[in-house]
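Visitor: I would like a short tour. Please bring up the sequence and the model.

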Amino acid sequence: MNTTDKILVIGATGNIGRHLVPLLDEAGVPVRALTRDPSRAGLPGGVEAVRGDLTDPESVEKALHGVSSVFLLWPSFSAAGAEPVVEAIARHARRVVYVSAFSVRDGVDAAQNGVWGQIEELVRRSGVEWTFLRAGGFATNTLNWAEQIRTRGVVRAPYAGAARSLIHEADIAAVAFRALTEDGHAGRSLVLTGPEIVTQADQVRIIGEVIGRPLRFDEQPREEAREEMIAAWGDPATVDGALDHWASIVAEPEPVTTTVEEVTGRPARTFRAWAHDHAADFR
Ligand SMILES: NC(=O)c1ccc[n+]([C@@H]2O[C@H](COP(=O)([O-])OP(=O)(O)OC[C@H]3O[C@@H](n4cnc5c(N)ncnc54)[C@H](OP(=O)(O)O)[C@@H]3O)[C@@H](O)[C@H]2O)c1
């Protein structure tokens, strides 16, 4: 594959895309960024931003002309509407790198693997060359605590002891960059995590140390958290899945992989490093 072929980045303005687009651009790889609103995208100069909406497959198809590889994420808890988008991608591109989740299990029915398993299945069936980035929880999820931290210095959340291997979004972008621009990653499901286990209570403590303010974790009963999460996420099954997962990892921490280092040659960033990068969000 010629690295000067054009790459379409879906989710270019998101947590991962904000790191991936500059990596590609600085390496001289032609990038086209898909966004619902190019005027507000704020992408590096020289990067081509095109209007497109995943709920409108024709708009995605237009963005695919002349593209050889696609960075794909599906920012919804439902796979409804994904099939025509994946088919359009496969008509134009040779390679797809898709942001999946490390909860996906091989050898079980796709429906048991949530939206991520269903999109993986669509991509596999489409015939395009694929790499799946099966990411664990993103450290950016803790930005949900930012307002509580800024205003009260307390995080009220369930499962203080949930032991997580949260990953820095820049590490997912670094792996995506390799998978998009190098050969040798096709047909691989890369399980990506941070380099260490940090409980939720320790995440709060570390954020406090980084911003120079002692913070407290206030354990929230599951039912209270469930109501708030359903109001925010909309999908009760996804909420129950997340709560069950956090309950289970109090006793048995999430896995830690070394895939980021194996693929990029650099160890995955720690949660403390992530907190430094986002200190302004919590101050
Ligand atoms: N958070 C986790 O712990 C976790 C774990 C595993 C996997 N994931 C997966 O990671 C993905 C999220 O990645 P992220 O954090 O980098 O993204 P993000 O920061 O949540 O941003 C969402 C991106 O999707 C784009 N987008 C949203 N709706 C769109 C639509 N209808 N059409 C076109 N683009 C649309 C947005 O672009 P515009 O607003 O510019 O249009 C934005 O760039 C999700 O698919 C999720 O399933 C997350």
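Guide: Contact means heavy atoms within 4.5 Å. This is a predicted model: local features need pLDDT of at least 70, side-chain atom pairs count only at pLDDT 80 or more, and totals for chains, interfaces and linings use all residues. Residues are numbered from 1 along each chain as its sequence is written, while side-chain values use heavy atoms and leave out hydrogens and water.

Visitor: Which residues does F71 touch, not counting those up to four places away in sequence?

Guide: Start with F71 and skip its sequence neighbours up to four places away. Its partners are L8, V9, I10, I16, L20, V97, V99, A176 and L180.

Visitor: How many residues does the largest nonpolar core have?

Guide: Buried means under 20% relative accessible area, exposed over 50%, and partly exposed in between (1.4 Å probe, protein chains only). A nonpolar core joins buried Ala, Val, Leu, Ile, Met, Phe, Trp, Tyr and Cys residues through side-chain atoms within 4.5 Å. F71 is one of those with the most contacts inside the largest core, as are V9, L20, L24, L133, I172 and L192. The residues in this core number 33.

Visitor: Which element supplies the largest share of this core?

Guide: Helices (H or I, at least four residues) and strands (E, at least two) are DSSP runs, numbered from the N terminus. Elements that each supply at least two residues of the core include β1 (6-10), α1 (17-26), β2 (31-35) and β6 (129-135). The largest share is seven residues, and it comes from α6.

Visitor: How many residues are in the other core, the one with I10 and V67?

Guide: This core lies apart from the largest one. A63 and I89 are also among its residues. Its size is 28 residues.

Visitor: Why do the buried residues of α1 lie on the same side?

Guide: The buried residues in α1 are G17, L20, V21 and L24. Take the directions from the helix axis to the C-beta atoms; these define the arc. The residues sit on the same side of α1 because they cover an arc of only 100 degrees.

Visitor: What do those buried residues pack against?

Guide: Follow the buried side of α1 to its partners. They are strands and a helix: β1, β2, β4 (67-72) and α6.

Visitor: What phi does G28 take?

Guide: G28 comes just after α1. Its phi is positive, at about 80 degrees.

Visitor: What phi does Y159 have?

Guide: Most residues other than glycine have a negative phi. Y159 is not a glycine, yet its phi is positive. Find it in the loop between β7 (154-157) and β8 (163-164). The value is about 60 degrees.

Visitor: Is Y159 buried or exposed?

Guide: Its relative accessibility is 16%. Therefore Y159 counts as buried.

Visitor: Which element gives the largest share of the lining of the second largest pocket?

Guide: On a 1 Å grid over the protein atoms alone, a pocket is an open set of points with protein on both sides within 12 Å along at least five of seven lines; lining residues have an atom within 4 Å of a point. Among the lining residues here are H19, L23, D171, F177 and R269. Both α1 and α6 give two or more residues. The largest share, five residues, comes from α6.

Visitor: Which residues does E169 contact beyond four places in sequence?

Guide: E169 is in helix α6. Its relative accessibility is 2%, so it counts as buried. Leave aside its neighbours within four places, and its contacts are N15, I16, H19, T140, W274 and H278.

Visitor: What separates E169 from G114 in space, C-alpha to C-alpha?

Guide: Along the sequence they are 55 residues apart. In space the separation is 21 Å.

Visitor: Which residues does E129 contact beyond four places in sequence?

Guide: E129 is in strand β6. Its relative accessible area is 31%, so it is partly exposed. Its contacts outside its neighbours within four places are R94, R95, V96 and A186.

Visitor: What distance in space separates E129 and R18, C-alpha to C-alpha?

Guide: In sequence, E129 and R18 are 111 residues apart. Their C-alpha separation is 24 Å.

Visitor: What separates the C-alpha atoms of P221 and R156?

Guide: P221 is in the loop between β11 (216-219) and α8 (222-233). At 43% relative accessibility, it counts as partly exposed. P221 and R156 are 65 residues apart along the chain. Their C-alpha atoms are separated by 9.4 Å.

Technical notes:
On a 1 Å grid over the protein atoms alone, a cavity is a set of points where a 1.4 Å probe fits but cannot get out, and a pocket is an open set with protein on both sides within 12 Å along at least five of seven lines; lining residues have an atom within 4 Å of a point.
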